[in-house]
Amino acid sequence: MKSTIQDQYSDAVLRRAFLSRSSVGIGYLAAMNLFGVTKQSLAAPTGGIAPALAGPEAPPHYPPRVKRVIFLYMAGGPSHLETFDFKPQLNALDGQLMPPSFTQGQPIAQLQGAELKVQGHLTQFGKYGESGMWISDFLPHHQKIANKICVLRSMVTEQINHDPAHTFMNTGTAISGRPALGSWLTYGLGSESENLPGFVVMTSVGGRNPQPIAARQWSAGFLPSRYQGVEFNSGHEPVNYLANPAGTTAAMQSTLIDTIRELDYHRNQGLRDSEAETRIAAYELASRMQASVPELVDMSDEPEHILDMYGARPGDGSFASNCLLARRLAERGVRFIQLYHRGWDHHGDLVKHMHTCCGLTDQPTSALVLDLEQRGMLDDTLIVWGGEFGRTPMFQGKGGPGRDHHIKGFSMWMAGGGIKRGFTYGETDELGYNATVDRTHVRDLHATILQQLGIDHQRLTFRHQGLDMRLTGVEPAHVLRGILQ
Amino acid sequence: MIANFSALKFSSICLGINLCLAFPVCFGAAAEVDFLREVRPLLSQHCFACHGPDANTRQADLRIDQPESFISRQPGDPKAVVPHSPEQSELIRRILATDGDEVMPPQDAKNPLSDEEQQVLVRWVQQGAAWQESWAYVAPKRSSPTLPTPAENAPQARNWIDAYIAEVLRERGFHMSSRADTVTLLRRISFDLLGLPPSLDDVRRFSDGDVERRIDTYVEELLATPEFGERLASYWLDLVRYADTVGYHGDQDHNISPYRDFVIDSFNDNKPFDQFTIEQIAGDLLPNPSDEQLIATGYNRLLQTSHEGGVQPEEYLAIYAADRVRNLSAVWMGATVGCAQCHDHKYDPYTAKDFYALAAFFADIDEAQHFKVGGNSIPTNRPPESAFLDRRDKQLLEFRKRQILNLNRHSRGSSQSSSKDRDSSVDLHTHTDKSPTTDSAYLRELMEEADAIRNSARACMITVSIAPRTIRVLPRGNWLDHSGPVVVPAIPEFLGSLSKPVQRLSRLDLAKWLVDHEQGNGYFTARVMVNRLWMLMFGQGLSRSVDDFGGQGQPPSHPDLLDRLAIEFVDSGWDVKHMLRLIASSAAYRQSSLETQWHRLHDPNNVLLARQNRYRISAEMIRDTALVCGGLLVREVGGPSAKPYQPPGYYRHLNFPTREYESSSDHQQWRRGVYTHWQRQFLHPMLRAFDAPTREECTAQRNASNTPLAALVWLNDPSLVEAAVGLAHRVIGREGKDDTRISYMFSIATSRLPDNQETISLLALLDSARQEFETKPYAADTLVSTGISGSMRRGVTHATGTIHSADTAKAQGDRYERKVNNAEWAAWTQVARAILNLSETYNRN
């Protein structure tokens with residue numbers, strides 16, 4: 001009996017030696033082979049880290065125009081009146097009382113109870129590109145991509161304070177606990193990457209004292225947790241818990257994981273619990289992530305001229321580096337990439353702060369568009385740029401002149417597959433207060449993004465508390481046909 | 001698991017129920033349709049949005065949520081449905097129409113009926129279009145089934161629960177599974193009642209003899225341990241959305257931890273659930289409320305709040321009011337009254353007026369102060385607050401005060417002994433008595449300690465009643481629109497009314513109504529709660545929709561049983577422990593969870609309960625299990641929230657103020673998961689990876705996901721690695737060969753001995769780890785120094801060193817001192833990590 005155990009033991013050691021020579025992935029398949037698992041039973045848990053789970057009405061409902069979305073989220077509320085929305089009348093009325101017809105009965109944030117005066121543009125505007133798109137002098141690099149982007153000047157939202165407004169922009173409602181756009185997309189479409197999550201979030205460092213941003217903004221809400229956004233950090237550990245424990249090596253970790261799989265598999269033979277197989281696959285994907293993420297964030301293979309184009313210094317956590325990382329994530333099949341840059345909340349000293357924010361984001365943003373284009377990826381990528389709201393035509397003076405939060409009209413832009421290029425959509429009134437032409441609600445933006453990915457926003461549903469919930473809710477939402485090619 | 005289930009479109013859920021519940025009865029020509037299970041859900045899902053309770057969106061003036069509006073009950077009264085005559089029924093003609101303009105539901109609603117669903121409606125009309133009230137609004141009915149005969153259907157039946165379950169199975173020609181093996185049962189019961197695995201000692205003590213009776217004793221023991229309250233509290237805190245931070249914007253800490261301890265204590269005291277309810281909603285309105293009853297009213301302050309610059313108080317007060325209605329209705333009514341904020345409910349009879357009338361009950365809560373005085377500090381200000389001593393500290397303080405008094409008397413020549421006081425009923429588990437040195441030094445020490453205890457009082461937000469704000473119906477939920485009528489507190493109209501001729505109704509009236517089984521909603525509340533208690537013991541409720549007992553909710557699989565349980569709950573005096581004991585005593589609960597071919601084929605979702613369920617334990621239980629295996633878990637009830645290790649910089653996106661997370665540097669590090677600091681915006685990533693909710697809203701059932709991120713936590717989270725170091729430490733000092741020690745280690749985590757193959761695998765791992773660490777002493781030192789327990793084990797040196805394990809192994813009481821080789825320790829740590837990563841370690845089955 002004893003010799004039998006000894007024999008079996010040697011056997012196991014030999015097998016371990018074999019497995020540890022092979023790469024993790026092959027080791028897994030080999031181990032599964034040893035255990036007699038067929039390819040077919042492996043099929044269920046593969047399909048990326050977040051396989052789609054959208055039920056019988058699963059998308060695509062239409063032929064998709066794009067494969068992925070990169071959302072450049074300018075948190076804090078960039079001023080539309082200092083970026084894309086030029087209003088000569090605003091300069092004409094500079095310093096005068098704001099006509100009450102605009103503001104009567106309207107929600108107001110920090111200017112509650114204050115005298116409301118018009119604040120003229122705090123920069124110059126020019127017309128750029130073939131269409132003569134208005135772009136301010138704060139954005140010289142945007143001026144150069146005027147032929148590539150489609151500016152939406154008639155955005156409206158419903159929430160006037162940062163936190164709920166972020167929640168509204170990301171989930172379509174201010175009520176907590178609902179899934180973010182990126183979660184809906186990975187739920188509907190899954191990830192195209194075998195090694196990376198389908199929904200990745202990065203928040204850049206740099207700039208002024210920023211407004212907080214909550215993990216709620218990339219939460220899967222009531223969707224299964226696997227669809228939650230995974231935050232990538234710029235520090236030594238790009239994803240939480242990615243590094244092996246101090247004192248252990250990758251080889252030891254892989255031996256450990258092999259043992260866990262072996263034991264789990266052995267135990268499950270009698271049980272045939274499908275959840276256990278999913279768990280085995282989860283360990284496999286975890287170890288693939290451990291291998292692939294460091295490779296992803298290591299930008300040493302990027303040539304100098306690309307780093308210069310973005311203005312990226314690898315590892316600095318800047319928006320520039322994150323834009324470059326976004327391209328690398330896009331290349332690797334990540335479905336939804338969201339980059340937050342904070343610090344756009346300019347109640348005062350707007351000029352100074354715009355210089356800071358635009359200085360950090362303008363060049364890398366245009367570099368991302370141009371880099372994707374030169375790689376032929378702009379055609380199957382959708383880029384969205386914008387914040388949770390805009391800023392008032394009225395003066396606010398915390399320090400030098402600034403502007404308060406504004407929700408009745410502001411600007412965003414989109415670019416990429418299926419979107420008109422060098423096109424301006426919608427208008428606000430003569431003072432940039434109310435969206436008047438082609439008013440575009442956040443819901444419409446969401447419906448359009450889904451449409452470009454081949455999803456009918458009315459048919460991407462998840463049953464929660466007795467209701468078939470959807471990103472766009474119950475109010476009517478309209479795809480922005482006018483901006484589609 | 002449940003998420004996958006609910007991801008399916010409703011139609012397929014209905015179909016699933018048909019197949020598994022109604023088969024084979026339903027699939028014949030004369031198959032009788034089941035109105036509540038088959039027909040009503042279809043009408044609700046496909047018709048009510050436009051022909052239901054909401055008058056504002058009702059189309060063609062046709063209402064089909066009330067039978068009198070659309071079913072003809074006498075000749076010459078043509079309505080949309082003519083019983084027994086599908087061909088004369090407009091409803092049937094329209095659902096079968098092929099013309100795009102005629103068909104119902106309309107094409108643009110994108111909510112079509114499948115062929116099978118159409119046929120269900122046709123058959124229903126053929127069979128006479130019988131109507132029943134939705135199960136959710138019919139009060140629980142008493143029933144008393146007899147145990148079915150022949151006995152082979154339920155040979156092991158132990159109480160009336162089994163009668164209901166066996167009866168449904170008998171109708172399907174099947175039976176319950178046999179009893180699970182004893183170890184599985186002990187683990188199941190221990191996880192379900194304590195959230196912890198059984199100790200090896202318990203496994204030994206309860207495995208022999210008459211198993212059923214042993215298990216009964218085990219249940220009794222567990223119900224009496226303090227960990228029980230912590231387990232139940234973990235769940236209750238999800239429901240009421242308890243968290244340590246304000247949630248919105250700066251997400252600063254707020255003072256609330258005494259409320260968490262109140263919940264734990266209440267479950268441990270087995271406080272009747274009706275009293276528990278009243279104290280939370282309206283403890284401040286009780287005559288001479290006790291400290292505990294005031295702490296309980298922290299419930300009303302648990303919601304997310306904001307003092308972000310630029311918030312408009314009126315808007316936020318409206319947000320808070322809505323939040324409260326959502327939570328109250330979800331927790332106690334299993335209702336989604338939140339849907340009626342902007343319009344009448346689409347599927348249930350709640351009107352928008354009901355929503356605001358419920359909100360009006362809470363209009364007296366003093367809660368606007370923070371808009372002015374909030375402040376970006378940690379913690380922030382959320383008056384009104386009050387400081388309270390923990391009940392354990394209070395007892396200790398009383399004891400010390402009496403000691404001081406005695407000592408003073410003694411020094412004045414009194415001969416009265418102090419031993420009498422020491423014999424008092426004061427609970428002093430964890431506090432060792434002071435040994436008198438000299439009287440005056442001792443006295444000073446006592447007085448200092450008494451002061452320290454007094455200073456340990458913790459602030460807690462409480463409810464203070466002030467003159468109520470005016471509450472109006474907000475048209476479409478718009479707080480800027482003041483055109484809606486003013487409402488006063490009232491319960492939803494269709495549920496009756498509370499008359500109180502002179503005075504305005506109060507929160508106390510509402511709370512009492514919720515638990516009043518004679519005049520109020522008591523039986524309904526009880527049914528919601530027992531369904532959830534059932535879920536805690538089976539993983540799923542008898543109605544799967546533990547959060548929606550409305551028209552869109554799933555009817556219970558065993559309605560009579562659910563009703564009977566609700567009645568039992570009320571009759572028992574709302575005795576939570578009694579209900580759990582009752583469930584744990586049933587043969588149904590004690591069944592094996594193994595799936596057979598029959599289960600897979602006929603009841604894959606285990607609706608019929610012909611077996612128990614297998615599922616991964618919760619985030620907190622995973623943490624607690626690893627810590628207890630590692631000999632690190634601190635068993636202490638209550639106190640401030642604890643901060644386990646967390647990845648550096650995890651709070652970097654927080655601001656107002658910016659903050660660094662400082663993980664606990666003492667025994668707080670190893671407290672149970674229920675005490676973890678609950679940061680709403682950045683919930684601890686370990687908890688998040690295992691599906692713990694952020695507690696922004698009520699969570700009645702968590703997902704149980706299986707993700708690579710969770711695997712990374714299991715592998716690499718320092719808390720779990722440290723637990724493995726601790727587990728290794730528990731075995732390296734033991735005598736015996738490697739395989740014996742592996743068996744010991746394995747059984748700590750799984751309550752069973754490993755088989756040959758398992759031993760071999762682990763020996764191979766040990767062997768390869770030994771080879772690694774023997775040549776890398778520094779790596780070994782590093783691994784075994786994971787966490788702060790390493791430095792707390794005094795005397796650790798490189799390669800070989802002396803270890804006093806008093807700090808970490810205290811829980812086991814094994815004080816020992818010996819030579820330990822760190823390379824050996826590290827190698828065993830790898831084995832422990834494997835064991836603490838096994839699916840089996842964290843499965844309850």
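**Exercise 1.** Over which residues at the start of chain A does pLDDT stay under 50, and how many contacts beyond four places in sequence does the model have for these residues?

*Solution.* This is a predicted model, in which local features need pLDDT of at least 70, side-chain atom pairs count only at pLDDT 80 or more, and totals for chains, interfaces and linings use all residues. Residues are numbered from 1 along each chain as its sequence is written, and chains are lettered from A in the order in which they are written. Recall that pLDDT is the predictor's confidence in each residue, from 0 to 100, and that two residues are in contact if their C-beta atoms, placed from the backbone, lie within 7 Å. The stretch is residues 1-6 of chain A, with two such contacts. Where pLDDT is low, the predicted coordinates should not be read in detail. For chain A the mean pLDDT is 87.

**Exercise 2.** Determine how many residues of each chain meet at the contact between chains A and B, and which helix of chain B supplies the largest share.

*Solution.* First, 82 residues of chain B are in contact with 74 residues of chain A. Next, helices are DSSP runs (H or I, at least four residues), numbered from the N terminus. On the side of chain B that touches chain A, α33(B) gives the largest share, with twelve residues. Finally, the predictor assigns the complex an ipTM of 0.85.

**Exercise 3.** Compare the expected span of helix α21 of chain B with the distance between its end C-alpha atoms.

*Solution.* The expected span is 1.5 Å times one less than the number of residues. For the 17 residues of α21 (439-455) of chain B this gives 24 Å, and the end C-alpha atoms are 24 Å apart, which agrees.

Technical notes: Helices (H or I, at least four residues) and strands (E, at least two) are DSSP runs, numbered from the N terminus.
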